[in-house]
Amino acid sequence: MNLVEHDRAGYATALEQARLGAGEGGVPIGSSLFENGVMLGAGRNRRVQNGDPTAHGEIDALRNAGRRASYAGTTLYSTLAPCAMCAGSIILFGIRRVVVGEEKNFPGELELLRSRGVEVVVIDDPKATALMEDFTTRNPGLWNEDIGVDEAQPDPAQ
């Protein structure tokens, strides 16, 4: 694990955002964007709360950070491995480092990020894992909606 001192604050902010989202009845995924130990923005998955399919935690954090000429010196923290949409935003904006709480509940697009030169650090946080396990067990339909799984479609493997 390649964590530096200010990673604690960045990740703690993301985890707090995930907990806030869970308390609002949303998908418990939080994110934050930091540069040199200074928070630029934080956010949480607000798909349920805002009725916005693009309101993932990483996107919310980027929106809250606001417009920047460059993201090159930033680190994005997320409690869960970023999906294709969020990974695409990370690549598009040139974020070079991502710290992820867990990938057990959703593997996301970590290999895509790595293939594009992004340093990915997975910390295997048991708190984030438990938060997501609880959510996905209680809300399987909502979780499938969030990750783009259409439950009405037959499984092509069968």
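Trainee: Is C86 buried or exposed, and what is its relative accessible area?

Mentor: A residue counts as buried when its relative accessible area is under 20%. In this predicted model, C86 is buried, with a relative accessible area of 1%. C83 is likewise buried, at 14%.

Trainee: How many disulfides does a search of the whole structure find?

Mentor: The search finds 0 disulfides. The criterion is a pair of cysteine sulfur atoms within 2.5 Å. For C83, the nearest cysteine sulfur is that of C86, 3.8 Å away.

Trainee: Why is C86 not bonded to C83?

Mentor: The two sulfur atoms are too far apart for a bond, because the distance between them is 3.8 Å.

Trainee: I turn now to the sheet. In what order do its strands lie, and which are the edge strands?

Mentor: An edge strand is recognised by pairing on one side only. Here 5 strands form an open sheet in the order β2-β1-β3-β4-β5, with mixed pairing. The edges are β2, residues 38–44, and β5, residues 119–122. On average, neighbouring strands are turned by 15° against each other, direction ignored.

Trainee: How many bridges join β3 to β4, and which residue of β4 is the bridge partner of T75?

Mentor: Strands β3 (residues 74–80) and β4 (residues 97–102) run parallel and are joined by 5 bridges. The partner of T75 in β4 is R97.

Trainee: Where does helix α3 lie with respect to the strands?

Mentor: Helix α3, residues 57–65, lies across β1 (30–35), β2 and β3. Its direction is at about 135° to β2.

Trainee: Why is α3 described as largely enclosed by the rest of the structure?

Mentor: A general point comes first: an α-helix has 3.6 residues a turn, so residues three or four places apart point the same way. In the present case, 7 of the 9 residues of α3 are buried, so the helix is largely enclosed. The buried residues are G57, E58, I59, D60, A61, L62 and A65. Their cover includes β1, β2, β3 and α4, the last at residues 84–92.

Trainee: Which residue follows α3, and what is its phi?

Mentor: G66 follows the helix, and its phi is positive, near 85°.

Trainee: Finally, which feature does UniProt place at residues 5–120?

Mentor: The unreviewed UniProt entry places "domain: CMP/dCMP-type deaminase" there; such an annotation may be inferred rather than shown by experiment. In the model, the span is 39% helix and 24% strand, and its end C-alpha atoms lie 16 Å apart.

Methods:
Residues are numbered from 1 along each chain as its sequence is written. This is a predicted model: local features need pLDDT of at least 70, side-chain atom pairs count only at pLDDT 80 or more; totals for chains, interfaces and linings use all residues. Side-chain values use heavy atoms; hydrogens and water are left out. Two strands pair if DSSP finds at least two bridges between them. Helices (H or I, at least four residues) and strands (E, at least two) are DSSP runs, numbered from the N terminus. Axes are lines fitted to C-alpha atoms, for helices over the stretch in contact, and angles run from 0 to 180 degrees between N-to-C directions. Contact means heavy atoms within 4.5 Å. Buried means under 20% relative accessible area, exposed over 50%, partly exposed in between (1.4 Å probe, protein chains only).
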